[in-house]
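Grab a pencil and work through a few exercises on a protein chain. Try each task yourself before you read its solution.

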Amino acid sequence: MDLILASQSSTRWRILSCARIIAKAVSPQIDEENITRSLMAEKAMPRDIADTLAEHKAKKVSIKNPLSWVLGCDQVLDFEGKVFGKPKTQEDLRQSLIRLSGETHRLITANVMYHNTKPMWRHISVSHMTMHPMTVTEIETYVEKSWPDAQHSAGGYYFEKTPHLFSEVRGNWFDIMGLSIGPIAEYLNQHVNGSVFNAPTVAAVLGHPIAHSKSPCMHGHWLETNKISGSYIAIDIPPGKLFQTVKVLIGAGVMGFNVTLPHKEDALALADYQTPRAKAIGAANTLVVDLKGSITADNTDGYGFITNLKVNSSDWFPQAGSALVLGAGGASRAVLSSLIEAGAPKIYLSNRTLQRAKDVALQLSPLIEVIDWEDKERYLSTVTTVVNTTSLGMTGKPPLEIDLSSINPKAMVTDLVYTPLETPFLVQARSFGCSVVGGVGMLLHQGTPGFEAWFGTCPIVDSEVEALVLK
Ligand code: ATR
């Protein structure tokens with residue numbers, strides 16, 4: 001199929017590639033502003049303005065490429081019958097937010113397909129977007145922070161960057177992004193020979209900050225290698241805003257989430273169902289949304305931890321002997337729960353802040369014995385598993401100060417830190433003959449259950465995806 005997207009928008013082009021539709025992008029070079037102005041002077045309805053603009057784009061490109069299928073799209077923001085364009089100045093943006101805040105507006109996405117210089121198909125989708133009321137200070141902060149992006153989008157917001165500005169959304173993610181991929185895929189399947197396309201599924205990782213997250217790269221690779229119609233994005237959600245934002249994103253058709261700091265406890269609390277392992281850990285890192293919108297919260301960190309060890313240390317088994325776990329933070333809870341579930345007979349838990357370790361032990365299991373941070377070397381000769389769950393040893397952080405000279409050489413030693421790939425702690429353990437396993441595998445394996453639940457395929461953890469996340 002020879003498809004041309006009559007648009008220079010990289011977002012629209014990306015939406016097509018999410019559905020594995022290959023298209024050439026050609027700029028239609030129409031005078032949008034003039035056309036809009038004259039349509040508004042004629043009191044055209046907002047949906048007719050979007051439709052006419054989409055048609056102009058498709059037609060212009062089709063005339064030069066009559067043999068191709070040409071797709072033109074346009075989006076307008078309609079509030080009480082008035083079209084909101086891209087803000088030209090910061091004052092424009094301020095005024096636009098004052099009008100839209102606390103109100104419901106409509107995002108109208110028009111799609112027109114041309115072939116042989118003739119219109120073959122058109123589709124209009126409408127998304128209903130309700131914004132939270134914003135205070136003057138919130139508007140000022142938004143204008144100051146978001147102006148570089150805001151000036152390029154109708155109404156001055158990018159939904160995918162600031163979904164927390166909304167209290168309710170009824171629509172479809174891709175319509176909101178500017179192209180109605182589901183109906184387009186359906187049309188192509190019915191009318192263009194050889195087309196077998198599916199509307200993409202959307203999943204996201206939510207955290208604050210989120211820019212550092214390796215998850216989009218990992219899931220993006222799995223979508224690509226498994227040729228799945230889907231999209232996985234990272235969204236920064238300010239602390240305390242997870243509840244409402246997850247509901248809004250589900251309203252926009254997002255079907256799955258990974259959740260990272262500082263939202264993991266909130267992610268568990270907001271769910272309709274909690275898996276036993278998430279409940280035991282007291283935090284969730286994976287949310288699966290079913291077709292009715294019900295949310296199941298899972299925690300796959302412990303699964304990732306155990307699978308990494310099983311895959312990379314074939315003769316290790318958790319029942320073989322007791323374990324020593326260093327650190328009693330969030331990651332430690334997942335490690336402790338999974339070790340207990342896997343059959344570890346006893347766990348010594350050592351943490352700089354003793355009380356924190358005591359609290360964790362009390363909540364999780366009587367099999368956990370808390371020991372002083374200063375005593376952490378005392379049990380090295382007897383344990384068969386040693387785990388560092390603290391951030392010590394990570395590039396830029398202080399090293400983990402520990403003398404492993406008394407360690408049982410048959411012990412398996414692992415570190416959740418994976419930058420550097422082999423921490424000084426693991427280097428030392430290796431020098432005493434222990435088998436060692438780095439932490440990157442835990443990151444990779446914790447991602448597979450979510451991917452399978454959202455996209456229907458269990459992805460493979462291999463050296464290719466490992467190299468990608470370590471880049
Ligand atoms: P995570 O979710 O990654 O486990 P966390 O909940 O902040 O993060 O926990 C960090 C762990 O590293 C804790 O066990 C912390 O010990 P405290 O409970 O005493 O804070 C441990 N940690 C961080 N810096 C440390 C240091 N300099 N020395 C010893 N332990 C440290």
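The exercises below go from the whole chain to ring pairs, salt bridges, the ligand and the backbone.

This is a predicted model, where local features need pLDDT of at least 70 and side-chain atom pairs count only at pLDDT 80 or more, while totals for chains, interfaces and linings use all residues. Residues are numbered from 1 along each chain as its sequence is written, and side-chain values use heavy atoms, with hydrogens and water left out.

**Exercise 1. Describe the chain as a whole.**

Step 1: Start with the helices and strands. The chain has 18 helices and 19 strands; these are DSSP runs numbered from the N terminus, with helices being H or I over at least four residues and strands being E over at least two.

Step 2: Next, the overall dimensions. Along the principal axes, the C-alpha atoms fill a box of roughly 85 × 50 × 40 Å.

Step 3: Now look at burial. Of the 471 residues in the chain, 52% are buried. Buried means under 20% relative accessible area, exposed means over 50%, and partly exposed is in between (1.4 Å probe, protein chains only).

**Exercise 2. Classify the ring pairs W69–Y187 and F159–F166.**

Step 1: Know what to look for. A pair of aromatic rings is described by the distance of the centres and the angle of the planes. Rings of Phe, Tyr and Trp (its six-membered ring) pair if their centres lie within 6.5 Å; planes under 30 degrees apart count as stacked, over 60 as edge-to-face and the rest as tilted.

Step 2: The structure holds 11 aromatic pairs. For W69 and Y187, the centres are 6.1 Å apart and the planes are at 65°, so you call this pair edge-to-face.

Step 3: Find the two rings in the chain. W69 belongs to strand β3 (residues 69–79) and Y187 to helix α7 (residues 181–191), so their pair ties together parts that are 118 residues apart in sequence. Both W69 and Y187 are buried.

Step 4: Do it again for F159 and F166. Their centres are 5.3 Å apart with planes at 80°, so this pair is edge-to-face too. F159 counts as buried because its relative accessibility is 2%, and F166 counts as buried at 0%.

Step 5: Check for a group of rings. W222, Y232, F451, W454 and F455 make up one aromatic cluster.

**Exercise 3. Work out which parts of the chain three salt bridges join.**

Step 1: Take the rule: a salt bridge is a side-chain nitrogen of Lys or Arg within 4 Å of a carboxyl oxygen of Asp or Glu. Searching the whole structure gives 16 of them.

Step 2: In the bridge between E224 and R20, the closest N and O atoms are 3.1 Å apart. E224 lies in helix α8 (residues 215–225) and R20 in the loop between α1 (10–18) and β2 (24–25), so this bridge ties together parts that are 204 residues apart in sequence. E224 is partly exposed at 48% relative accessibility, and R20 is partly exposed at 26%.

Step 3: K57 and D74 meet at 2.8 Å, N to O. K57 is in helix α3 (residues 46–64) and D74 in strand β3, so they tie together parts that are 17 residues apart in sequence. K57 and D74 are both buried, and a network of salt bridges links them with E32.

Step 4: R94 and E140 also form a salt bridge, at 2.8 Å, N to O. R94 sits in helix α4 (residues 90–100) and E140 in helix α5 (residues 136–150), 46 residues apart.

**Exercise 4. Which residues are closest to the ligand, and how much of the ligand is covered?**

Step 1: List the neighbours. The ligand is surrounded by 13 residues (each with a heavy atom within 4 Å of it), and the closest are A328, N351, R352, T353 and R356.

Step 2: Look at N351. One of its polar side-chain atoms lies 2.6 Å from an oxygen atom of the ligand.

Step 3: Turn to the cover. The protein covers 71% of the 640 Å² of accessible area that the ligand has on its own (Shrake-Rupley method with a 1.4 Å probe; for residues, only the protein chains shown count as cover).

**Exercise 5. Find some less usual backbone spots.**

Step 1: Recall the background. Most residues other than glycine have a negative phi, and most peptide bonds are trans.

Step 2: Check the prolines. The bond from H208 to P209 is cis, with omega near 0°, and P209 is in the loop between β8 (201–207) and α8. Another cis peptide bond joins L261 and P262.

Step 3: Check phi. K227 has a positive phi, near 50°, and lies in the loop between α8 and β9 (230–236). K227 is exposed, with a relative accessible area of 61%.

Definitions and conventions:
Polar contact = N/O pair within 3.5 Å; in protein donor to acceptor, adjacent residues only side chain to side chain.
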